[in-house]
Amino acid sequence: MGVAAGPIRVVVAKPGLDGHDRGAKVIARALRDAGMEVIYTGLHQTPEQIVDTAIQEDADAIGLSILSGAHNTLFAAVIALLKDRDAEDILVFGGGIIPEADIPPLKEKGVAEIFTPGATTASIVDWVRTNVRQPAET
């Protein structure tokens with residue numbers, strides 16, 4: 001597969017019943033301000049809705065924000081659905097209130113990176129630029 005043209009496309013999603021989206025909106029804005037195309041799905045999305053959106057929008061990455069404690073289940077479900085839909089090229093990263101002990105198992109399941117409270121928007125933007133496909137030179 002060749003390098004896609006245009007800016008990096010990221011779906012930012014709030015899976016599950018978590019009703020707090022300020023952090024997700026801050027990250028979405030930071031990625032947008034850095035020149036990426038961002039699709040924010042809103043609150044209370046199912047893993048199926050998130051994966052459907054990412055595929056329909058031809059996303060390069062999915063950023064999940066979870067504060068509810070359901071990260072192990074919801075991250076795994078998104079990864080499994082991407083595999084089932086032959087869309088494993090879509091990188092998954094996330095953040096929120098995630099205990100340090102849960103990060104290695106999440107990465108073993110296929111989550112590329114986890115950002116915990118205190119991560120700067122600049123560090124997240126830099127990580128996305130470094131780890132998600134590079135936009136084509138124009």
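Author: Helices in this predicted model are DSSP runs of H or I that hold at least four residues, and Thr 53 lies in one of them, helix α2, which covers residues 47-56.

Reader: Why is Thr 53 called buried?

Author: The relative accessible area of Thr 53 is 18%, and buried means under 20%, so Thr 53 is counted as buried.

Reader: What makes the pair formed by the side chain of Thr 53 and the backbone oxygen of Gln 49 a polar contact?

Author: A polar atom of the Thr 53 side chain lies 2.9 Å from the backbone oxygen of Gln 49, and because the cut-off for a pair of N or O atoms is 3.5 Å, that distance falls within it.

Reader: Why is Ser 68, in the loop between β3 (61-66) and α3, called partly exposed?

Author: Ser 68 has a relative accessible area of 41%, and since buried means under 20% and exposed means over 50%, with partly exposed in between, the value for Ser 68 belongs to the middle class. The side chain of Ser 68 also reaches the backbone nitrogen of Ala 70 at 3.4 Å, within the 3.5 Å allowed for a polar contact.

Reader: How do you know that Arg 32, in helix α1 (residues 22-33), is partly exposed?

Author: The relative accessibility of Arg 32 is 46%, which is in between the limits of 20% and 50%, so Arg 32 counts as partly exposed. Along the chain Arg 32 and Val 10 are 22 residues apart, while their C-alpha atoms are separated by 9.2 Å.

Technical notes. Residues numbered from 1 in each chain as written. Predicted model: local features only at pLDDT ≥ 70, side-chain atom pairs only at ≥ 80, totals over all residues. Heavy atoms only, no water. Helix = DSSP H or I, 4+ residues; strand = E, 2+ residues; numbered from the N terminus. Buried < 20%, exposed > 50% of the residue type's maximum accessible area, 1.4 Å probe, protein only. Polar contact = N/O pair within 3.5 Å; in protein donor to acceptor, adjacent residues only side chain to side chain.
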